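Subject: A structure for you to look at

Hi,

Here is the structure I promised to pass on. Have a look around it yourself before you read my notes below.

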Amino acid sequence: MRTKEKETELLKRDPAINEDSAICLKGLTFSYEKGHPCLKDVTFDIKKGEHVSVIGHNGSGKSTLAKLIDGILAQDKGEIYLFGVRMTDDNAVLLRKDIGLVFQNPDSQFIGATVRDDIAFGLENACVPTKDMEGIIKDCAQKVGMLDYLNSEPSNLSGGQKQRVAIAGAIARHPKILILDEAGAMLDPRGKKDIQGIIAKRKKEDKDMTIINITHEIDEAYGADRVLVLSQGCLVMDDKPSVVFSRDEELKAIGLDLPFAHKLIHALNDRGFPVSSVDDEEELIKQICR
C-alpha cells in the first residue's frame, strides 16, 4: 500500500516542463508489431484549458495516441508528461485519475446494470463518499440529458443515448483532461451535433478542463483552439484551424477533406467576395454579413 509520502514522490513534477502544460509528449514512438511503428517521434505540448482536435486518416495513430496518454498502452520510446509529471509504470494509475476517456463504441465501456450504476462506477473507484454519489450522478445525467434514464439498462438505449451515458461517466469525476476518441463516429448527424453541444457546454462550465477531440469529422475540428494532424504515425501539422485548413493541397494529399466553412470561404473568394480565413463559424458569419 502506497503512503502519502510515496504518492507525493511519484507525482513530483519536472521543473523543465512549462507550468501551464497539461499534456507534453517528447519523441513518442509506439509499435504494435516490432519494427513497424504506428506512432513515430511525436512531440507536442497542450496547455491547460486548451481544446485540441486530432485528425488524420484511418490508421494514422489517433486512437493509439489516446490510449498512450491514458496509460492503457506503454510507449516504446519517448516521454509523456501530465501536468509536468513524467508518466511511468509506477505512477500511471495515479495520473490517469485526472483523465476522462470516451471511446468510439460506448458498449465497450459499460460496467453497470443500469445507467445509474454505470455513472457510479468511476465514482466508486475514486472513493467518493456514498452520501455524495447520488447528487453527482443526477447532476451529470442531467447535463447530458439522461436524467430520466437512470434506472434503464444500457443495452436498451440508442447509440446516442449510450454515448451520452459514457460522457456522463467520464465527467462525473471532474477530470482535468477529457479525451473523446471518435465519440460521435457511430451516431447520426443529429446525435453528433448533440454530443458536440454537450461538450461545448461542459467547456464553458469548466474553462480549465483540457479537451482532446479525436475525430474523422473535419467540421468538428474547425471549432477547436488547435488542430493536430497525424499522417502515417507522424505529426505533420500543429496550428490554429485557420492555418491548418489553409493548407488545403497538403491535406488533400494525405486523404483529408476541408471543413464546409473553408470551402465556403474559397467559393466566396473565387466569386469576388473577399473573406479571410477564420477560426470559428461565428466570425465567418460576421464577415459575410458585413
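Strand E4, residues 77-82, pairs with E5 in the antiparallel sense, and 2 bridges hold that pairing. If you want a spot to zoom in on, find Leu82, which stands opposite Val85 in E5. One thing to keep in mind as you click around: this is a predicted model.

E4 and E5 belong to an open sheet of 4 strands, in the order E2-E1-E4-E5, with antiparallel pairing. Which strands stand at the edges? They are E2 (36-47) and E5 (85-86); each has a single partner strand, so one side of each is left without a neighbour in the sheet. In case pairing is new to you, strands of a sheet pair through backbone hydrogen bonds, and they can do so in a parallel or an antiparallel way.

Now for some parallel pairing. Take E7 (residues 177-181) as your starting point: 5 of its 5 residues are buried, so to speak of it as mostly covered is fair. Ile177, Ile179 and Asp181 point one way from the strand, while Leu178 and Leu180 point the other way, and all of these are buried. That fits a pattern you'll meet again: in a regular strand the side chains alternate between the two faces of the sheet.

E7 has a parallel partner in E6 (residues 99-102), with 4 bridges joining the two. Here Ile99 has Ile177 of E7 as its bridge partner. E7 also runs parallel to E8 (residues 210-214), this time with 5 bridges. For that pair, look at Asp181, whose bridge partner in E8 is Ile214.

From E8 you can step across to E3, since E3 and E8 pair in the parallel sense over 4 bridges. His51 is the residue to look for there, opposite Ile211 in E8. E3 is joined to E9 (residues 226-231) as well, again running parallel, through 4 bridges. In that pairing Ile55 stands opposite Val229 in E9.

Is E3 mostly covered or mostly open? Mostly covered: this strand spans residues 51-55, and 5 of its 5 residues are buried. His51, Ser53 and Ile55 point one way, Val52 and Val54 point the other way, and all are buried.

There's a helix worth a look too. H2 covers residues 62-69 and is mostly covered, with 6 of its 8 residues buried. Those buried in H2 are Lys62, Thr64, Leu65, Ala66, Leu68 and Ile69. Just after H2 comes Gly71, which takes a positive phi of about 80 degrees.

Finally, zoom out to the whole chain. It has 12 helices and 10 strands. Its radius of gyration is 20 Å, close to the 19 Å that the globule rule gives for 290 residues, so the chain is as compact as a globular protein of that length. Along its principal axes, the C-alpha trace spans about 65 × 45 × 35 Å. Buried residues make up 47% of the 290 residues.

Among contacts with a separation of 6 or more, 65% are between residues 24 or more positions apart. The accessible surface comes to about 15,000 Å², and 49% of that belongs to carbon and sulfur atoms. As for charge, there are 40 positive and 48 negative charges, and their mean positions are 2 Å apart.

Have fun with it!

Technical notes
Residues are numbered from 1 along each chain as its sequence is written. This is a predicted model: local features need pLDDT of at least 70, side-chain atom pairs count only at pLDDT 80 or more; totals for chains, interfaces and linings use all residues. Side-chain values use heavy atoms; hydrogens and water are left out. The radius of gyration is taken over C-alpha atoms; the globule rule is 2.2 Å times the number of residues to the power 0.38. Buried means under 20% relative accessible area, exposed over 50%, partly exposed in between (1.4 Å probe, protein chains only). Contact means heavy atoms within 4.5 Å. Accessible areas come from the Shrake-Rupley method with a 1.4 Å probe; for residues, only the protein chains shown count as cover. Lys and Arg count as positive and Asp and Glu as negative; His and the chain ends are not counted. The place of a charge is taken as NZ of Lys, CZ of Arg, CG of Asp or CD of Glu. Two strands pair if DSSP finds at least two bridges between them.
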